[in-house]
Amino acid sequence: MKYYKWISLITAFFLMGCANQGGSNWAYPPLAIPLQPSLQQELQIARLNQLLQRKEVSQNVRAQIFAERGRYLDSVGLADLARLDYERSLKLNPAQSEVFNVLGVYFTQVSDYDSAFDAFDSSLELDPNNDYAERNRAIALYYAERYVLASQDMASNYNKDPSDPYRALWLYYIDRENGDEKQATADLEQRYQDRDEQWGWVLVGITLGKVNENDALQSVAVGTNNNVELAQKLTELYFYLAKKYQYQGQYSDAIALYKLSISLNVYEFSEHRYAFLELGRIFKAIQAKRDKAQAESTEPAIDQESSNQPDEKNNQQPTYQAPKLSV
């Protein structure tokens, strides 16, 4: 604990120095030490492996062990192995709403949206009050570009807890894609006025331009007590800051920030998972712009080439035709 406390203090002084030297631009982005599997996580995985080898373990208990081991595997970045454990758990006990929810998030991350929708629907069928499943289904619909359905889910989810800043942010992103950017921004500003002291409202303030980026980064560095908390907050901060730059068309900054969010290894955070999807969306947008520019640049050349060709009808040379002979 003392080790992380000293790291946090050193990082804070370093960031304040960068802020003073760079003004609004950071010479070096503030970072935490990327999270690594802890001894406790490794021991828990080993213990669960031993429990699964016991023949006397009942089916329901075995299902719980698979689900628990899946969560530990997911927390250390072994997402595919975690998915296998979740599926094994559901085969033994299908009545697990939270396991279906986590499995749906995995399918969203790999862009398997049909499977994600099935998982979220199953989760909500088992537990209609599972707010996380409803929100995650709305996000999956957002990435699948089914914005009308996403807006319905997200609006319902937000109305259940208007004090949640993350619900407000995702509702804003979805409403923007529905085509009414000004109204979405006005609604988010109204929700920001009714904010409380939750950390997530700082992210909303950054999105709206109400909070200075340097001040937010410095407050994170000074206000965290350990490296894990610092990595978690920076993962969120870099993700939502990247979304802001992405909407502004500053793709190079957005790409760098998404990579920073990924680099901290906070695997269980949705921001870490969805950063990969956002990078894919940016690359598609850049490729679409390049293809459009290339198509526009080749059209004048084709028109010029066609205009230089002689008109066959006007420039056709007369040919001799033999007279027809009567019988």
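Is S111 buried, exposed or partly exposed? At 38% relative accessibility, S111 counts as partly exposed. The cut-offs here are under 20% relative accessible area for buried and over 50% for exposed, with partly exposed in between, using a 1.4 Å probe and protein chains only.

Okay, before going on, a word on what we're looking at. This is a predicted model, where local features need pLDDT of at least 70 and side-chain atom pairs count only at pLDDT 80 or more, while totals for chains, interfaces and linings use all residues. Residues are numbered from 1 along each chain as its sequence is written, and side-chain values use heavy atoms, with hydrogens and water left out.

So, the overall picture. The chain has 15 helices and 0 strands. Those are DSSP runs numbered from the N terminus, with helices being H or I of at least four residues and strands being E of at least two. Of the 327 residues in the chain, 43% are buried. The accessible surface comes to about 18800 Å², and 51% of that belongs to carbon and sulfur atoms; the areas come from the Shrake-Rupley method with a 1.4 Å probe, and for residues only the protein chains shown count as cover. Now contacts, meaning heavy atoms within 4.5 Å. Take the contacts with a separation of 6 or more: residues 24 or more positions apart account for 56% of them.

Back to S111. You'll find S111 in the loop between α5 and α6. The phi of S111 is positive, near 65°, and this residue is not a glycine. For background, most residues other than glycine have a negative phi. A little further along is S115, in helix α6, residues 113-126. S115 counts as partly exposed too, at 24% relative accessibility. The C-alpha atom of S115 is 7.1 Å from that of G104, and those two residues are 11 apart along the chain.

Let's move to helix α7, residues 131-143. How many of the 13 residues of α7 are buried? It's 11 of the 13, so α7 is largely enclosed by the rest of the structure. Among the buried ones are A133, E134, R137, A138 and L141. Helix α7 reaches 19 Å from its first C-alpha to its last, close to the 18 Å expected at 1.5 Å a residue. That expected span is 1.5 Å times one less than the number of residues. At the start of α7, a side-chain oxygen of N130 comes to within 3.3 Å of the backbone nitrogen of Y132.

And what comes after α7? That helix is followed by E145, whose phi is positive, near 65°. E145 sits in the loop between α7 and α8, and at 56% relative accessibility E145 counts as exposed.

Next door in sequence is helix α8, residues 147-160, which holds D153. D153 is buried, with a relative accessible area of 11%. Leaving out residues up to four places away in sequence, D153 touches E134, R137, A138 and L141. Those four names should sound familiar, as they are among the buried residues of α7.

One more helix: α14, residues 251-263. Its 13 residues should span 18 Å at 1.5 Å a residue, and the end C-alpha atoms are 18 Å apart, which agrees. The buried residues of α14 include Y251, L257 and I262. After α14 comes N265, with a positive phi near 65°.

Last topic: the empty spaces. On a 1 Å grid over the protein atoms alone, a cavity is a set of points where a 1.4 Å probe fits but cannot get out; a pocket is an open set with protein on both sides within 12 Å along at least five of seven lines; and lining residues have an atom within 4 Å of a point. Points are joined across faces, edges and corners, and a volume is the space filled by probe spheres set on them.

The structure holds 1 cavity of 30 Å³ or more, and the largest cavity has a volume of about 40 Å³. Its lining includes D74, Y86, V102 and R273. The largest share of that lining, 4 residues, comes from α4.

The largest pocket has a volume of about 540 Å³. Six elements give two or more residues to its lining: α3 (59-75), α5, α7, α9 (165-177), α13 (227-247) and α15 (270-308). The lining has 23 residues, and Y132, R135, E268, F269 and S270 lie nearest the centre of the pocket.

Technical notes:
Polar contact = N/O pair within 3.5 Å; in protein donor to acceptor, adjacent residues only side chain to side chain.
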